[in-house]
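Biologist: Hi! Could you walk me through this structure? I'm new to this, so plain words please.

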Amino acid sequence: MDLMIHSSRFLLPYFPANNGPSQSCALVVLNQPIPRFTPLLWNHARLRVCADGGANRLYDELPQLFPDEQASAIRKGYMPDVIKGDMDSVRAEVLEFYTNLGTNAIDASHDQDTTDLHKCVAYIRDLPYLENHNLYILVAGALGGRFDHEVGNINVLCFFSTTRIILLSDDCLIQLLPSSHHHEIHIQSSVEGPHCGLIPIGVPSRSTTTTGLRWDLTETEMRFGGLISTSNIVKGERVTVKSDSDLLWTISIKKALLMR
């Protein structure tokens with residue numbers, strides 16, 4: 001079984017040299033409070049997409065992260081490439097502001113069977129200049145707020161299981177570890193951890209084995225209504241995971257993380 005390597009180096013102010021193959025990063029901003037480190041994610045991304053009302057969050061909240069600068073200058077400097085979704089949440093003045101700057105607005109209201117995040121991920125995956133085998137998508141404002149929205153975002157991880165998608169909030173991140181691979185997670189201890197968890201998604205896990213955790217699992221069965229690995233602790237700089245079912249990996253993000 002192939003090995004998949006994961007690293008939260010996108011939380012660092014710069015990518016360390018010689019740290020694996022180059023990757024294409026896209027950022028999606030959702031309609032929830034944006035993390036304080038959104039400017040850092042923005043700088044790493046080759047493509048920035050607002051999902052419908054995520055444009056309101058960018059317009060309203062990003063200038064608050066730069067209290068010593070003019071709000072208008074921040075808004076012009078952080079212009080999304082695309083706004084896509086049902087267009088039932090983005091305010092008219094916000095949409096006009098960004099489209100006047102050159103943002104591409106895509107009305108996808110004809111599709112009522114998928115979420116705005118789903119629509120944005122599908123759009124990003126179809127772009128020819130982003131290499132899908134090295135693509136990862138960061139989703140800011142993916143956690144918090146209504147629980148059904150959070151579950152919908154997690155469902156997007158499962159639907160696009162072959163694409164690396166990381167859901168982010170101020171407090172933690174979540175990503176899918178597909179059972180088709182063994183996984184090696186490189187811990188960026190300056191910005192994340194130590195609290196972490198592994199949660200079976202879709203079906204129970206009959207056997208999960210880990211290394212690098214305070215409470216490692218050894219061919220352990222996990223299921224809702226039984227054991228799941230929450231409030232675990234990373235011990236070092238590397239965690240390995242093998243499982244017969246898809247798992248969600250979550251790890252805390254440190255409050256001391258630099259904003260940009």
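Modeller: Happy to! One term to begin with: a residue is called buried when its relative accessible area is under 20%, and exposed when that area is over 50%, with partly exposed in between. Also keep in mind that this is a predicted model.

Biologist: Okay, let's try that out. Is Asp 86 buried or exposed?

Modeller: Asp 86 has a relative accessible area of 17%, so this residue counts as buried.

Biologist: Which residue does Asp 86 form a salt bridge with?

Modeller: The partner of Asp 86 is Lys 119, and their closest N and O atoms are 3.5 Å apart. Lys 119 sits in helix H5 (residues 116–125), while Asp 86 is in the loop between strand E4 (82–85) and helix H4 (92–101), so the salt bridge ties together parts that are 33 residues apart in sequence.

Biologist: And Lys 119, buried or exposed?

Modeller: Lys 119 is buried too, at a relative accessible area of 4%.

Biologist: Why do such side chains pair up at all?

Modeller: Side chains can pair if they carry opposite charge and their charged atoms come close.

Biologist: Nice. How many salt bridges are there?

Modeller: The count comes to ten salt bridges. One of them joins Lys 255 and Asp 171, with 2.6 Å between the closest N and O atoms. Lys 255 is in the segment after strand E15 (247–253) and Asp 171 is in the loop between strand E7 (164–168) and strand E8 (172–177), so this pair ties together parts 84 residues apart in sequence.

Biologist: How accessible are the residues of that pair?

Modeller: Lys 255 is exposed, with a relative accessible area of 57%. Asp 171 has 44%, so it is partly exposed.

Biologist: Which residue does Glu 184 meet in a salt bridge?

Modeller: That would be Arg 238, with 3.0 Å from N to O. The two link distant parts of the chain: Glu 184 belongs to strand E9 (residues 182–186) and Arg 238 to strand E14 (residues 238–243), 54 residues apart. Glu 184 is buried at 14% relative accessible area, whereas Arg 238 is partly exposed at 45%. Elsewhere, salt bridges with shared partners join Asp 60, Arg 91 and Glu 93 into one network.

Biologist: Switching topic: how many disulfides does a search of the whole structure find?

Modeller: Zero. Take Cys 120: the nearest cysteine sulfur belongs to Cys 50 and is 8.4 Å away. A disulfide needs the two sulfur atoms within 2.5 Å, so Cys 120 is in no disulfide.

Biologist: What about Cys 196?

Modeller: Cys 196 is in no disulfide either, and the nearest cysteine sulfur, from Cys 172, is 12 Å away. Cys 196 is buried, at 5% relative accessible area. Cys 120 counts as buried as well, with 0% relative accessibility.

Biologist: Last topic, pockets! What volume does the largest pocket have?

Modeller: The largest pocket has a volume of about 440 Å³. Its lining is made up of 19 residues, and Asn 31, Thr 115, Asp 116, Leu 117 and His 149 lie nearest the centre.

Biologist: Which helices each supply at least two residues of that lining?

Modeller: H5 and helix H6 (147–159) do. H6 gives the largest share, four residues.

Biologist: And how does the lining split by class?

Modeller: The lining of the largest pocket has eleven polar, five charged and three nonpolar residues.

How values were computed. Residues are numbered from 1 along each chain as its sequence is written. This is a predicted model: local features need pLDDT of at least 70, side-chain atom pairs count only at pLDDT 80 or more; totals for chains, interfaces and linings use all residues. Side-chain values use heavy atoms; hydrogens and water are left out. Buried means under 20% relative accessible area, exposed over 50%, partly exposed in between (1.4 Å probe, protein chains only). A salt bridge is a side-chain nitrogen of Lys or Arg within 4 Å of a carboxyl oxygen of Asp or Glu. On a 1 Å grid over the protein atoms alone, a cavity is a set of points where a 1.4 Å probe fits but cannot get out, and a pocket is an open set with protein on both sides within 12 Å along at least five of seven lines; lining residues have an atom within 4 Å of a point. Grid points are joined across faces, edges and corners, and a volume is the space filled by probe spheres set on the points. Ala, Val, Leu, Ile, Met, Phe, Trp, Tyr, Cys and Pro count as nonpolar, Asp, Glu, Lys and Arg as charged, and the others, Gly among them, as polar.
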